[in-house]
Amino acid sequence: MTTVFKDVGHWNRFRNEMPNTTSLGCVPTLGGLHEGHLSLVRRSLEENETTVVSIFLNRVQFNNASDYENYPANFEEDVAKLKALGVDAIFSPAHDQLYPDFYRYRIIEDEESRSMEGTHRPGHFDGVLTVVMKLLNILRPNRAYFGEKDYQQLQLVKKMTEAFFLPVKVVSCPTIRDANGLALSSRNRRLTSRGLVKAARFPEILVNAENVELAVAELKEAGFEVEYIEERGGRRFGAVVLENVRLIDNVSLNVADAQLRSGMSRTSRQAEGQLK
Ligand code: AMP
């Protein structure tokens, strides 16, 4: 049975009754659930006796008001998907429940949060780290599941749990992509069907371009507005805009990913061919 918790006190009563020997896995989300989110949920269900998924559209992490207002969330659909998977609990509090302090207190990371996504979305990671800290303190999970799709976020969360000695293991989960190689994202729903196919050129170019400069040039040529392409720690990261929708992705530059590369270029070229 899936129980929906909207109230911190209600959750606390449930959590306090859980035996210490029961492991709790949590999957924090903004809602608008797709197969990417559900892959994290399945992993948690496999690895823990109890799984809680949070659905909370965290206003303070949105640096752009229209992105927040147009975020494609549908609570009833999300609940149905999670019930179908057999999730034990859904935690979905109102804004005031999580921010009784009106966001006067916040978690700020002073280095890595300033680059890439942090440069282009000022304040974004302050909002993310603050809400994750609140959720981890309230939910008290043994494991918390995060996607490599948001690699910079995953690293920041992992290092925050270490910095604050939080008794939780952060589990990283691989990026789930559609048949054309495009990373699944709630925001993809705002693309037209043509845009959805075109968007698959983004991961293809990200993974195949010889270097950063060529990646930028090829993406522009393909019709994307490029916010950044950067390489760090053996990965290439990027953010682009297509049809007013902002897309982010990252890939490993490891040679072992060569297979993924050739597979991606084939599928997205085929898809573009079908458009012509
Ligand atoms: P969000 O609702 O966008 O905050 O995402 C909630 C969690 O799901 C985050 O840890 C994301 O990294 C993860 N996630 C989102 N999209 C994907 C995807 N395509 N593959 C794997 N994980 C994802």
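Colleague: Which domains does the domain assignment give for the chain?

Modeller: Domain 1 spans 3-173 and domain 2 spans 186-275 in that assignment. This is a predicted model. The C-alpha centres of the two domains are 27 Å apart.

Colleague: How many residues of domain 1 and domain 2 are in contact?

Modeller: On the domain 1 side there are 21 residues, and they meet 14 residues of domain 2.

Colleague: What area do domain 1 and domain 2 bury between them?

Modeller: Interface size is often expressed as the accessible area that is lost when the parts come together. Here domain 1 and domain 2 bury about 1,600 Å² between them, and carbon and sulfur atoms account for 48% of that area.

Colleague: Turning to the ligand, which residues are the closest?

Modeller: The ligand is surrounded by 17 residues, and the closest are Leu30, Gly147, Asp150, Ile176 and Leu184. By class, the shell has eight nonpolar, seven polar and two charged residues.

Colleague: Which elements each supply at least two residues of the shell?

Modeller: Strand S2 (24-29), helix H2 (35-47) and strand S5 (143-147) each do so. H2 gives the largest share, three residues.

Colleague: Which atoms of Gly147, Asp150 and Leu184 lie by polar atoms of the ligand?

Modeller: A polar backbone atom of Gly147 is 2.9 Å from an oxygen atom of the ligand. In Asp150 a polar side-chain atom lies 2.6 Å from a ligand oxygen atom. For Leu184, a backbone N or O atom is 2.8 Å from a nitrogen atom of the ligand.

Colleague: How much of the ligand's accessible area does the protein cover?

Modeller: On its own the ligand has 480 Å² of accessible area, and the protein covers 93% of it.

Notes:
Residues numbered from 1 in each chain as written. Predicted model: local features only at pLDDT ≥ 70, side-chain atom pairs only at ≥ 80, totals over all residues. Heavy atoms only, no water. Near = heavy atom within 4 Å. Polar contact = N/O pair within 3.5 Å; in protein donor to acceptor, adjacent residues only side chain to side chain. Areas by Shrake-Rupley, 256 points an atom, 1.4 Å probe, with all protein chains shown as cover. Helix = DSSP H or I, 4+ residues; strand = E, 2+ residues; numbered from the N terminus. Nonpolar A, V, L, I, M, F, W, Y, C, P; charged D, E, K, R; others polar. Domains from an automatic or database assignment. Contact = heavy atoms within 4.5 Å. Buried area = accessible area lost by both parts, 1.4 Å probe.
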